[in-house]
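Let's take a walk through the empty spaces of this model, and then look at how its opening helices pack.

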Amino acid sequence: VRRSLARLELLKAAADKQPQACLAALGQATEAGLDCESPYDFDSALQCTDGQPKAELQAALAPLRKPYDRLLAERVLGSKAGCADVRTAVFVAADYYHALGDKQAESAVMNTAIRKLESRVFSDPKADRNAADNLRVFYEANGNDDKLDSLLLKLIAAYPEDYVYANRYARLLSKRGQHQKALPYYEQAATLAYGLNRLKNAEGQAKSLIALHREDEARRVVAEVLKANGPWFPDDAARLKKLVTAS
């Protein structure tokens, strides 16, 4: 109960932008040890205290270093990980180490997370979909493009019935300007997507076709998708229609 009340105080202090109250509430929320919800507490406190004097902030945060390190090692990234939200815990850890002025730990935590997840994911990409998706996000955040591509291709092969990975890889390639390479993945996703996702996939596909000066094909793709969509998602459908009308 005390922990829950402290968390409510922390949220209130953060909303009111009261740095000292945020740090006090964080201390109360963690005095009985850290749990899987603690990274959210740290995140709230770090955002609340952004811009505060470094020495003062570090003095308040430093006593929590060992408990946070232990949470990461044992419950977040351990062999028997017990926290569902690995992603938040790792990203908040990087922000926390940054606030402490420990640049080495800030850069190392992402690499540690990647190494731990790689051993779990690459042995069987379908064994833990959450771990695979976390690894994807960490690769992207860390700029590991080659490994990210390799992982996405493995996930496309592992989940042939799911549009999401083909679409995600297509969007990634488009973002890099590799529109020709993206098109087959948009096409693969198109055969699997439905509802709003079908419109979103068609939007990406049309944009890549337009970037390649293949406007007629883009119009055909949009026309087919709008016909299949019917009256649903009118705002998204209108935006998609406008995309090819403007071209």
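Start with the second largest pocket, which is lined by Asp69, Leu72, Ala73, Leu77, Tyr97, Ala105, Ala108, Val109, Thr112 and Lys116. This is a predicted model, so a word on ground rules: local features need pLDDT of at least 70 and side-chain atom pairs count only at pLDDT 80 or more, while totals for chains, interfaces and linings use all residues. Residues are numbered from 1 along each chain as its sequence is written, and side-chain values use heavy atoms, with hydrogens and water left out.

As for terms, everything hollow here is found on a 1 Å grid over the protein atoms alone: a cavity is a set of points where a 1.4 Å probe fits but cannot get out, a pocket is an open set with protein on both sides within 12 Å along at least five of seven lines, and lining residues have an atom within 4 Å of a point. Points are joined across faces, edges and corners, and a volume is the space filled by probe spheres set on them. Helices are DSSP runs (H or I, at least four residues), numbered from the N terminus.

Back to that second pocket. α5 (65–76) and α7 each put at least two residues into its lining, with α7 giving the largest share, 5 residues.

The largest pocket has 17 lining residues, and those closest to its centre are Lys54, Leu57, Asp95, His98 and Ala99. Two or more lining residues come from each of α4 (54–61), α6 (86–100) and α7 (103–121). Here it is α6 that supplies the largest share, 5 residues.

What about closed space? The count comes to 1 cavity of 30 Å³ or more. Leu199, Lys200, Glu203, Asp236, Arg239 and Leu240 line this largest cavity, and α12 (196–211) and α14 (234–246) each give two or more residues to the lining.

Here are the three spaces together, with linings split by class (Ala, Val, Leu, Ile, Met, Phe, Trp, Tyr, Cys and Pro count as nonpolar, Asp, Glu, Lys and Arg as charged, and the others, Gly among them, as polar).

| Space | Volume | Lining by class |
|---|---|---|
| Largest pocket | about 320 Å³ | 5 nonpolar, 6 polar, 6 charged residues |
| Second largest pocket | about 170 Å³ | 7 nonpolar, 1 polar, 2 charged residues |
| Largest cavity | about 30 Å³ | 2 nonpolar, no polar, 4 charged residues |

Now for the helices. At 1.5 Å a residue (times one less than the number of residues), the 14 residues of α1 (residues 2–15) should span 20 Å, and its end C-alpha atoms are indeed 20 Å apart. Ala6, Arg7, Leu10 and Ala13 are buried in α1 (buried means under 20% relative accessible area, exposed over 50%, partly exposed in between, with a 1.4 Å probe and protein chains only). Seen down the axis, these buried residues fall within an arc of 125 degrees, so they line one face of α1; the arc is that of the directions from the helix axis to the C-beta atoms. The face turned away from the buried side carries the exposed Leu8, Leu11 and Ala15. The buried residues of α1 pack against α2 (19–30) and α3 (38–48), where contact means heavy atoms within 4.5 Å. After α1 comes Lys17, with a positive phi near 55 degrees.

In α2, the buried residues are Pro19, Cys22, Leu23, Ala25, Leu26, Ala29 and Thr30. They fall within an arc of 165 degrees down the axis of α2, so they too line one face of the helix. Their cover includes α1, α3 and α4.
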